[in-house]
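Subject: Structure handover

Hello,

Please find the structure below, with notes on what was found in it.

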Amino acid sequence: MGSFISFEQVCFSYESGGRRDGDAPLALRDLSLDIDAGSFVAVLGHNGSGKSTLAKHLNAILLPVSGRVTVDGMDTADASSVIEIRRRVGMVFQNPDNQIVATLVEEDVAFALENLGVPPAEIRGRVDAALRDVGMYEFREHAPHRLSGGQKQRVAIAGVLAMRPRCIVFDEPTAMLDPAGRQEVISTILSLRREYGVTVVLVTHHMDEAALADRVVVMNDGGIYMDGAPRDLFSRIDELGRAGLAPTQTVALLDGLRSAGWDIGLDALTVDGCARAIKEYLDNAQN
Ligand code: ADP
Ligand code: MG
């Protein structure tokens, strides 16, 4: 068996009506990518680099104009596999308000299950379990539009989780949230990984969120520009700059110290790691 999700030389254009057309601009260009079951992949890239287009290929919302995407061995272009693919790969989008479809939280979470033909007797238990998993069970009879942004996103996550997917794709899920809401959503993602080992693809423009992943993929101009562990990738600040990305603040600080003559590495991902690296440097300098 190959990877859980595989992109083979995928091209996509919004302007060619689904066909390969030499003149149409490409939003994805010959993109190849394999995603292993159970991994946590962050996708970074400047605006317009193709992140959302990539995300929508992961569960057959968009189909390649050339090349192939497979999920658990099924081709997303095969119409008879679409339901099975969407059971395996769920999507959470940026704007929580656009994802609310019902007037009660629990109805909202049940909605996709009804669409996917889950037996009614099973729906109740799945909805309750999913709401507990995201810490929103006590809000099950509330009106979703009255909740905070972070709570709405957790309800959207519960809606996806209730389908028991193998993979959840998050397309900038924290972009519209305040810092508290961001933290709620990120903690929820991390707890789902711990509890269920669910595969996570997290599109984000926050380097600190990407630092939590096992693997970071940087997109540029519809292709994969960098691919590696956060620690290796975040220290490559010149390359990141060419993809339109600023380094994390910790790496920028360490780089500033290097420019000032300190012999210090750039591979601290967190504020704590950065503080430790500086302390170590100073301790060594004293000896
Ligand atoms: P990102 O999510 O990284 O900001 P997108 O995948 O949304 O990038 O966009 C990639 C490219 O496709 C951009 O050039 C964008 O303008 C174009 N694009 C995105 N959505 C549409 C659309 N619905 N119709 C036409 N062009 C689009
Ligand atoms: Mg986008």
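In these notes, Ala, Val, Leu, Ile, Met, Phe, Trp, Tyr, Cys and Pro count as nonpolar, Asp, Glu, Lys and Arg as charged, and the others, Gly among them, as polar. By that scheme, the lining of the largest pocket has 14 nonpolar, six polar and two charged residues.

This is a predicted model: local features need pLDDT of at least 70, side-chain atom pairs count only at pLDDT 80 or more, and totals for chains, interfaces and linings use all residues. Residues are numbered from 1 along each chain as its sequence is written, chains are lettered from A and ligands numbered from 1 in the order in which they are written, and side-chain values use heavy atoms, with hydrogens and water left out.

Pockets come next. A pocket, on a 1 Å grid over the protein atoms alone, is an open set of points where a 1.4 Å probe fits, with protein on both sides within 12 Å along at least five of seven lines; lining residues have an atom within 4 Å of a point. The largest pocket holds about 500 Å³ of space (the volume filled by probe spheres set on the points, which are joined across faces, edges and corners). It has 22 lining residues, and Met91, Phe111, Ala112, Val160 and Met163 are the closest to its centre.

The second largest pocket holds about 220 Å³. Its lining includes Met207, Asp208, Pro247 and Val271, and divides into six nonpolar, four polar and one charged residue.

Then the ligand. In the shell around ligand 1, two residues are nonpolar, seven polar and one charged.

Regards
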